[in-house]
Amino acid sequence: MEAIIFCGIQGSGKTSFYKQYFFDTHLRISLDQLNTRNKEGKLIDVCVAVHQPFVVDNTNPTRAEREKYIRIAKQHKYKIKGYFFQSDLAAAVQRNNLRGGKACIPEIGIRSTWKRLEPPVMEEGFDELYIVELLADQFIIKAWNHEV
């Protein structure tokens with residue numbers, strides 16, 4: 001089984017990446033859809049109970065925020081992959097501004113996440129880490145072999 005944890009600011013392409021690479025194989029866990037941590041926890045519990053691969057599609061900007069997902073996945077013997085969405089702040093704000101409705105995050109929220117952003121490290125418990133960049137609407141995926 002596989003648990004994937006995304007890490008990156010709003011507008012960095014996380015959900016589009018999920019749709020392109022994991023939609024057919026992994027359940028998406030997202031606070032944008034679930035709205036509460038309680039619902040999120042229950043859905044993760046169901047995933048581990050039925051051995052369902054899943055992707056945590058949240059910003060997960062800090063080590064502390066990623067820790068709970070890693071701990072649960074490790075307890076249930078999941079392989080844990082992390083994807084760090086390396087993004088230019090201005091480009092992310094611009095992409096976000098193209099969104100409509102509640103999907104469009106106030107710029108102050110994006111800047112707040114940017115300030116708290118801690119790139120992940122293998123020592124957190126990841127089995128694999130990748131860097132994802134969005135260039136000209138194309139995802140560039142690089143194996144993690146250096147510090148960001």
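# Notebook: strand β1 and its surroundings

I began with the strand pairing and found β1 and β3 running parallel, joined by three bridges. The model is predicted, and I read every entry below with that in mind. For a register point I took Ile 5, whose bridge partner in β3 is Val 56.

I then looked at the pairing of β1 with β4, residues 79-85. These two strands are also parallel, over six bridges. Here I noted Cys 7, which stands opposite Phe 84 in β4.

**Burial of β1**

How many of the six residues of β1 are buried? I found six of the six, so the strand is largely enclosed by the rest of the structure. I checked the two faces separately. Glu 2, Ile 4 and Phe 6 are buried on one side. Ala 3, Ile 5 and Cys 7 are buried on the other, so I record both faces as covered.

**Glu 2**

I went back to Glu 2, which belongs to strand β1, residues 2-7. Is Glu 2 buried or exposed? Its relative accessibility is 16%, and it counts as buried because the cut-off is under 20%. Next I looked for a partner for its side chain. I found a polar contact with the side chain of Lys 81, at 2.8 Å. I also listed residues that Glu 2 touches beyond four places in sequence: His 26, Pro 53, Phe 54, Tyr 78, Lys 79 and Lys 81. One more distance went into the book: Glu 2 and Val 55 are 53 residues apart in sequence, yet 8.5 Å apart in space, C-alpha to C-alpha.

**Helix α3**

I turned to α3, residues 37-49. It has 13 residues and reaches 18 Å from its first C-alpha to its last, close to the 18 Å expected. Which of its residues are buried? I noted Glu 40, Ile 44, Cys 47 and Val 48. Seen down the axis of α3, the buried residues fall within an arc of 90°, so they line one face of the helix. The spacing made sense to me: an α-helix has 3.6 residues a turn, so residues three or four places apart point the same way. I then asked what covers the buried residues of α3. The cover includes β2 (27-29), α2 (31-34), β3 (54-56) and α4 (63-75). Just after α3, I marked His 51, with a positive phi of about 60°.

**Cores**

The largest nonpolar core has 20 residues. Those with the most contacts inside it are Ile 5, Ile 29, Phe 54, Tyr 78, Ile 80 and Phe 126. I traced its suppliers: β1, α3, β3, α4, β4 and β5 (128-135) each give at least two residues. Apart from this core lies another, of 12 residues. I noted Phe 17, Phe 22, Val 55 and Phe 139 among its members.

I looked up Ile 29 in detail. Beyond four places in sequence, its contacts include Glu 40, Ile 44 and Cys 47, which I had already listed as buried in α3. Ile 29 also touches Phe 54, Val 55 and Val 56, as well as Asp 57.

**Asp 57**

That led me to Asp 57, in the loop between β3 and α4. It is buried, with a relative accessible area of 3%. Which side chain makes a polar contact with that of Asp 57? I found Arg 28, at 2.7 Å. Its other contacts beyond four places in sequence include Phe 6, Lys 14, Thr 15 and Ser 30. Phe 6 took me back to β1, where I had it as buried.

Terms used
Residues numbered from 1 in each chain as written. Predicted model: local features only at pLDDT ≥ 70, side-chain atom pairs only at ≥ 80, totals over all residues. Heavy atoms only, no water. Helix = DSSP H or I, 4+ residues; strand = E, 2+ residues; numbered from the N terminus. Buried < 20%, exposed > 50% of the residue type's maximum accessible area, 1.4 Å probe, protein only. Contact = heavy atoms within 4.5 Å. Polar contact = N/O pair within 3.5 Å; in protein donor to acceptor, adjacent residues only side chain to side chain. Expected span 1.5 Å × (residues − 1). Arc of directions from axis to C-beta. Pairing = 2+ DSSP bridges. Core = buried A, V, L, I, M, F, W, Y, C linked by side-chain atoms within 4.5 Å.
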